[in-house]
Amino acid sequence: MNRFVAIDIGQLRIGMYVQLETGWLRHPFPVNSFKITTAEQLAALAGLKLKAVQVDLSKSDVQDAESAQSDGSPANSPVPAESSRSDTEVWRDRVLAVQSQFLGAVSVFDEVQAQLPASPQSARVLADALVVQQVVKLAQERDISLHLLADAGGATFGIHGVNVAVLSLLLGKTLGLCNEVLQDLGTAALLHDIGKPSLNISASACALNQGSVAAPLRDTTYARHVGESVALAMTMGYTPSVTTAIAQHHEWADGSGFPLGLLEADMDIAGQILALTNNFERLCNLPELGNEMTPHEAIAALYGQYRQRYAPNVLKAFVQTLGVYPPGSLVELSDGRLGVVASVNTSQSLKPQVLTYDALAPQKMQHVDLLVHVGLGIRRGLTRNQVPRKTLEVLQPQRRLCYFFDSSAVKPAEKDSS
């Protein structure tokens, strides 16, 4: 008897041990291989819209699993008791909840963009409610975790706006900004590109793919979106604390930015933060697929070729917040395993949570919390070219990096990594 058989998705039964041949972000389970123990898991599998799933007969409790493939008869094995939830399952549930919050935030932004031309005040009510909700969350929690999320799909302005707002709020918290300043910063970060649609600038266009020797960036249509965004924010009734930050989101501390070529001393702290987080997000999510950097590479670039663009204290706080391996970074662990950083506790940024993949291991995908595994750490960051293609497809199936945060869970007991 073959160990694996392909079972039609509608014929799966409790007790079957399934192996999902798809990326970890494309299903709601903590690992790719597991035994079905609940009706909820069956329903979740049905929702994946797969035609068939590989079932490991040697690990299944359903005696007639193989025959189910051909005659469709239901299995009648007893339902095993649900085991206690693992740290991995708890973590995965958190990520799924955060994913839902992220999609909700993007949806709110899209509604703000839709209402803005005809009803600026209604658009402001929506934007303010979204930002206030996140500022309150930051104020109430001592520890915050930033998570890598599945690609939400589409090319909306909202994904970029929400990503930049999340990164800006976390950086502002690290810098000790008060709640009022955080609220204005979050609003400016969320709305910094609202002027693009009226100029017919695509959601994927960014400063990194604009300008030429013949037409410097400051003279392009793209550069006009800064002033247009400020004007729209003013129609929404925002004060200079918000509109100034929007006006400065493409200014750089060395005077090489636009539209005014300001120096660090001329910029507000919110403008300095927004200029940094906006550039980091774009480095990780370039319009041309394949040219984008991993977050670890982007951090290295900020400290290397782009270092002169940012206020030193702001850049230092950004690395302190995300660590040198932000979520989405490809890494090699000290035991040789390859993985992707999935979550970072901003108070323990050097000990992130990592998803590893080994095609030869019985459990191909593993969740590793470096906070609780003694002696295990990250040996080095990797570029995409340093990761085998199959491994890369599993670890990074998403088109773009999406970020959102929540309160960090209580630290579990430490484990020996040996």
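How many helices and strands does the secondary structure of the protein come to? I looked this up before anything else. I find 12 helices and 13 strands. I note that the model is predicted.

**Overall**

I checked burial next, and 54% of the 418 residues count as buried. I then turned to contacts with a separation of 6 or more, and residues 24 or more positions apart account for 70% of them.

**Aromatic rings**

I searched for ring pairs and found that the structure holds 4 aromatic pairs. I looked at Y222 and F258, whose ring centres are 6.4 Å apart. Their planes stand at 65°, over the 60 degrees required, so I record the pair as edge-to-face. I also looked up where the two residues lie: Y222 is in the loop between α6 (179-191) and α7 (225-235), and F258 is in the loop between α8 (240-247) and α9 (269-284), so the pair ties together parts that are 36 residues apart in sequence. I find Y222 and F258 buried.

I went on to F404 and F405. The centres of their rings are 5.7 Å apart and the planes are at 15°, so I list this pair as stacked. I see that F404 and F405 are both buried. I also note that F102 joins F404 and F405 in one aromatic cluster.

I then looked at W252. What sits over the ring of W252? I find the charged end of R309 there, 3.6 Å from the ring centre.

**Helices α4 and α5**

I compared the axes of α4 (residues 120-140) and α5 (residues 157-174), which come within 11 Å of each other and cross at roughly 35°. I record the crossing of α4 and α5 as right-handed. I looked up which residues meet: from α4 they are Q134, V135 and L138, and from α5 they are L169, L170 and K173. I sorted the residues of this contact into 4 nonpolar, 1 polar and 1 charged.

**Helix α11**

Which residues of helix α11 (residues 312-322) are buried? I list V314, L315, A317, F318, V319, T321 and L322. I followed their packing and found that the buried residues of α11 pack against two strands, β5 (144-149) and β7 (338-345), and against the helices α5, α9 and α10 (295-303). Helix α5 thus appears in my notes both here and in the crossing with α4. I end with G323, which follows α11 and has a positive phi, near 80°.

Conventions
Residues are numbered from 1 along each chain as its sequence is written. This is a predicted model: local features need pLDDT of at least 70, side-chain atom pairs count only at pLDDT 80 or more; totals for chains, interfaces and linings use all residues. Side-chain values use heavy atoms; hydrogens and water are left out. Rings of Phe, Tyr and Trp (its six-membered ring) pair if their centres lie within 6.5 Å; planes under 30 degrees apart count as stacked, over 60 as edge-to-face and the rest as tilted. Helices (H or I, at least four residues) and strands (E, at least two) are DSSP runs, numbered from the N terminus. Buried means under 20% relative accessible area, exposed over 50%, partly exposed in between (1.4 Å probe, protein chains only). A charge sits over a ring if NZ of Lys or CZ of Arg is within 6 Å of the ring centre and within 35 degrees of the ring normal. Axes are lines fitted to C-alpha atoms, for helices over the stretch in contact, and angles run from 0 to 180 degrees between N-to-C directions. A crossing is left-handed if the near helix is turned anticlockwise from the far one by less than a right angle, and right-handed if clockwise. Contact means heavy atoms within 4.5 Å. Ala, Val, Leu, Ile, Met, Phe, Trp, Tyr, Cys and Pro count as nonpolar, Asp, Glu, Lys and Arg as charged, and the others, Gly among them, as polar.
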